[in-house]
Amino acid sequence: MNADRHDDPSGNLGPANAAAASASWSAGAPAPRPDDAPAARWRRGALAAYYLTFLVADVIMLNGSPRIILTLLTGTTVLLLAIAAMRGTRSGRGWERLAYLPVLDSVAQVAVTGQLHYTTALMLTLVGVGGAVPARRTAMLAGLAGIAGWIGAVLAQPGLRTGELGYYSVQLGMAALLGAILHEAMRRRQRDLKDARDQVTMVLGRFQSLFQASPAGVGITDEHGVFVAVNPSFTELVGRPAEELIGTSSQAYVDLTAELDPAGQQMRYVRPDGSVRWVWLTVGRTDTQHWMLVHLHDVTDRHLAERAVRESDRLLAAVSVAARRIRTGEDARDTIIQAVRELAEADSVSLLESGDDALVVTGWVGAEVMGTRVAKNGTSMIANVYRDGQPVFLADPSEDPRVSAALLKLVGARSMMWQPVIAGGKVVALLAVGWKQRVSSVSDLRARAVALLADETALALEHERLLSRLEQMAYTDTLTGLSNRRAWQSRFAELLLGSRVEGRPLTVAIADLDRFKRYNDTHGHLAGDDLLTATASAFRGQLREGDLIARWGGEEFVVALPDCVDAEAAEILDRLRASTPGAETCSIGYAVWNGSESAERLLERADTALYEAKAAGRDTIRSAAAVAVAS
């Protein structure tokens with residue numbers, strides 16, 4: 001959709017980057033747990049690197065069996081920690097149990113070497129486990145296991161009970177306390193971060209819900225005036241999908257160089273399909289990043305209504321009051337009935353239109369009689385006026401046997417008038433007017449007003465009938481009675497938009513009668529027309545409510561199956577193929593919409609699948625290859 005006053009816009013943010021930017025406005029999956037973040041991977045990798053230095057130190061400084069034992073233990077620890085770091089979020093919380101391995105290594109340093117100064121390694125390990133392991137139970141048990149193991153080693157080896165034992169005992173206890181403090185500090189920080197993230201997620205989710213559900217069109221632009229997000233109402237109003245809008249400049253909708261009225265302004269826009277919409281534009285800007293909120297409210301109906309009123313005012317000198325009310329109303333029946341009531345100063349007015357075998361009330365005021373049916377061949381006053389085509393007024397209708405007492409009671413009338421509505425020399429409807437107070441006679445003004453409005457009613461009904469007929473002819477294939485290509489394009493666009501907005505599956509198929517030209521040449525074109533008509537009826541009988549079928553041209557039919565994936569589509573279309581009348585067959589190709597491709601591309605894939613079905617020997621169905629969703 002382009003503004004009349006603007007040239008073709010160009011954005012300075014690529015579609016790919018804009019799509020990435022717009023992701024921040026979409027409600028995503030739940031945030032990962034704190035320990036699944038890159039920081040957790042870094043902690044595992046850091047511990048692995050730390051114990052790699054232990055491994056090198058063991059190889060260099062130790063000899064004999066201590067070197068072998070401690071190198072194996074330390075190497076196993078390094079390997080498992082490295083694997084946990086590389087797996088990232090896939091390793092879950094199970095990696096925390098690896099905290100026991102560093103503690104075991106450190107205790108083994110003291111027990112295997114018989115050297116008390118290796119207690120320093122255990123101290124560092126307890127501090128590291130406390131700061132790196134989020135699970136309180138695991139960190140606590142690992143620390144206790146380390147202290148218990150060290151005490152056991154000291155008790156088991158008298159050589160460790162030296163004069164420095166008390167010093168190392170105190171230092172080990174302080175290290176364990178420091179590890180506990182670091183662990184609690186890390187947990188508190190993670191809890192604060194989680195609370196903050198949950199709050200942000202909740203606020204963003206609420207904003208996203210309001211943004212998507214807003215009945216008005218809303219677009220968000222970055223500091224360069226490039227759209228990063230648009231809601232469904234915006235795309236529907238401007239006639240362009242979100243994929244085309246994201247990453248393009250807002251210059252077509254907002255003059256970035258002009259000073260905007262805070263109260264907004266009315267603008268005229270032309271959609272890509274040529275249709276014109278009038279919108280009320282308001283813009284909000286932030287003070288820091290200069291992002292904009294572009295708000296478009298569709299006021300086309302209001303604008304057209306205001307224009308109709310202005311045009312009606314110019315016709316005041318040329319038309320009567322009743323005619324003006326008819327032309328400015330949205331529904332001719334209601335306008336005519338209200339005008340009859342006012343001009344005839346009546347209490348109730350009913351409009352009865354001709355059906356197959358009865359006259360049916362299609363509009364009323366003053367008496368709720370909607371849907372009441374009166375037989376055309378009866379003896380009632382309504383039936384008589386319908387057959388004679390002459391208006392009748394009765395000051396005392398209760399005295400006339402042709403007037404139903406129940407009708408008079410229903411409408412509460414003391415006096416009544418019946419005015420036929422004639423179009424093309426034929427009575428097509430009837431106006432029944434009633435007064436609660438007795439009216440001795442109908443003045444010329446009242447009679448002329450009702451007669452005039454009856455003529456206007458005839459014009460309105462005939463106009464409506466012609467419009468309905470023209471609309472039916474414009475959207476219906478005259479041979480088969482199916483929708484034609486024009487109707488298909490209109491209704492399929494609605495189906496595609498609904499599937500795009502609601503994320504529902506959609507399948508499109510093209511069916512082609514096999515060897516139809518040979519059938520025509522053999523049996524004649526009239527027989528070919530009969531076959532097409534029978535095929536259309538057979539196909540329509542196999543489809544579900546809500547499915548769409550149209551004659552695409554010649555012997556081709558196009559089918560849309562909403563809420564239908566590949567397997568379901570194959571089952572329905574195979575029934576369609578099997579229902580082909582007589583001994584004739586058909587081939588069908590279909591494609592499942594990938595969620596982003598255009599209608600033209602989807603039909604093109606279905607057509608390709610149809611050619612494959614033909615090449616496979618006909619009388620079969622073929623599915624188009626799946627297409628990946630475009631980024």
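Two strands are taken as paired if DSSP finds at least two bridges between them, where strands (E, at least two residues) and helices (H or I, at least four) are DSSP runs numbered from the N terminus. This is a predicted model, in which local features need pLDDT of at least 70 and side-chain atom pairs count only at pLDDT 80 or more, while totals for chains, interfaces and linings use all residues. Residues are numbered from 1 along each chain as its sequence is written, and side-chain values use heavy atoms, with hydrogens and water left out.

Select β13 (residues 506-513) and β16 (residues 586-592) to begin: these strands run antiparallel and are joined by 7 bridges, and A509 stands opposite Y590 in β16.

Widen the selection to the open sheet of 5 strands, whose order is β14-β15-β13-β16-β17 with mixed pairing. Because β14 (548-553) and β17 (621-623) stand at the edges with a single partner strand each, one side of each is left without a neighbour in the sheet.

Next, add helix α20 (residues 599-615), which packs on the sheet and touches β13, β14, β15, β16 and β17 (contact means heavy atoms within 4.5 Å). The direction of α20 makes about 145° with that of β16, angles running from 0 to 180 degrees between N-to-C directions of axes fitted to C-alpha atoms, for helices over the stretch in contact.

Finally, move to S483, in the loop between α15 (444-475) and α16 (485-502). S483 counts as buried because its relative accessibility is 13%, buried meaning under 20% relative accessible area with a 1.4 Å probe and protein chains only, as against exposed over 50% and partly exposed in between. Leaving aside residues up to four places away in sequence, S483 touches Y475, D477, R491, L548, I549, A550 and R551.
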